[in-house]
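Thanks for coming, everyone. Let's take a quick look at a structure you haven't seen before. Please have the sequence and the model open as I talk.

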Amino acid sequence: MSSGRAPRRRSTLLAATAVAGVITLSACGGGQAGGGGNTNFVTGSGGISTVAKGERTDAPKLDGKTLEGKALDVADYKGKVVVLNFWGSWCGPCRAEAKHFAKVAKQTEDEGVQFVGVNTRDPKKSLAVSFEKDFGVTYPSLYDPTGKLLLRFPKGTLNPQAIPSTVVIDRDGKLAARTLVALDAEKLRKMIDPLIAEK
């Protein structure tokens, strides 16, 4: 009797492991900020959620120390399109998208775009600093080892819910677009170009 149960148990365990693997591949880790409520945002086929200009909510206060130990307040970039990338050096998809972010950050510098990283859940700054060096990331990153900045986003807004997540703030300091998946340069441009074009 026990020999009949073992294969069944094994196949159930394999199925559970496969599901867990898919969740892990889709994102490195979920944030604790949830959705809900009347969101007013539309998710396109590329996984990019956007909010129409008149319906956007204010971005939360995002400030702290960078990986280099300098004070940074995202509100100081009001008047620019701000691309916030939530990442960790331990995250495979973050590693895959980092070179694309470094490239597009340089391309859009003169178009009024400011990239800001938010490094989260890295217990040692040195790991994050090495990551930036390895991938040529020259824009600043806030150091947020406990993920407290992720929790400042109100529920029902374009909040980061996974690592990596990318949130774009418009020139008026409002939440305009979000994706919860890793992006290449083309998809990143598709996300920010409409906001660059806004007057």
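Which residues do ring pairs link into a cluster? They are Trp-87, Phe-131 and Phe-135. One caution before I go on: this is a predicted model.

Let's start with the rings. There are five aromatic pairs in the count. Take Trp-87 and Phe-131. Their ring centres are 4.4 Å apart, and their planes meet at 20°. The cut-off for stacking is under 30 degrees, so this pair is stacked. The two partners come from distant parts of the chain. Trp-87 sits in strand β6 and Phe-131 in helix α3, with their positions 44 residues apart. Are they buried or exposed? Trp-87 is buried, at 4% relative accessible area. Phe-131 is buried too, with a relative accessibility of 4%.

Next pair: Phe-101 and Phe-115. This one is edge-to-face. The centres are 6.1 Å apart, and the angle between the planes is 85°. Phe-101 belongs to helix α2 and Phe-115 to strand β7, so the pair ties together parts 14 residues apart in sequence. Phe-101 has 0% relative accessibility, so it counts as buried. Phe-115 has 2%, and it counts as buried as well.

Now back to helix α3, the home of Phe-131. The helix covers residues 125–135. Which of its residues are buried? Ala-128, Phe-131 and Glu-132 are. Why do we say they line one face? Look down the axis of α3: the buried residues fall within an arc of 95°, so they line one face of the helix. Here is the general background. An α-helix has 3.6 residues a turn, so residues three or four places apart point the same way. On the other side of α3, Lys-133 and Asp-134 are exposed.

What does the buried side pack against? The buried residues of α3 pack against β6, α2, β7 and β8. In residue numbers, β6 is 81–87, α2 is 92–108, β7 is 113–120 and β8 is 141–144. After α3 comes Gly-136, with a positive phi near 70°.

On to charges. How many salt bridges does the structure hold? Eight. Asp-63 is a good place to look. Its side chain meets that of Lys-61 in a salt bridge, at 3.7 Å from N to O. Asp-63 also forms a salt bridge with Arg-152, and there the closest N and O atoms are 2.7 Å apart. Asp-63 is in strand β4, while Arg-152 is in the loop between β8 and β9, so this pair ties together parts 89 residues apart in sequence. Asp-63 is partly exposed, at 24% relative accessible area. Lys-61 is partly exposed at 49%, and Arg-152 is partly exposed at 32%.

One more bridge, inside helix α4. Arg-189 pairs with Asp-193, with the closest N and O atoms 2.9 Å apart. Both lie in α4, residues 185–197, four residues apart, about one turn of the helix. Asp-193 is partly exposed, at 31% relative accessibility. Elsewhere, salt bridges with shared partners join Lys-61, Asp-63, Asp-73 and Arg-152 into one network.

Last stop: Val-51, in strand β3, residues 48–51. Val-51 has 8% relative accessibility, so it counts as buried. Val-51 and Thr-157 are 106 residues apart in sequence. In space, their C-alpha atoms are 9.5 Å apart.

Note on methods. Residues are numbered from 1 along each chain as its sequence is written. This is a predicted model: local features need pLDDT of at least 70, side-chain atom pairs count only at pLDDT 80 or more; totals for chains, interfaces and linings use all residues. Side-chain values use heavy atoms; hydrogens and water are left out. Buried means under 20% relative accessible area, exposed over 50%, partly exposed in between (1.4 Å probe, protein chains only). Helices (H or I, at least four residues) and strands (E, at least two) are DSSP runs, numbered from the N terminus. The arc is that of the directions from the helix axis to the C-beta atoms. Contact means heavy atoms within 4.5 Å. Rings of Phe, Tyr and Trp (its six-membered ring) pair if their centres lie within 6.5 Å; planes under 30 degrees apart count as stacked, over 60 as edge-to-face and the rest as tilted. A salt bridge is a side-chain nitrogen of Lys or Arg within 4 Å of a carboxyl oxygen of Asp or Glu.
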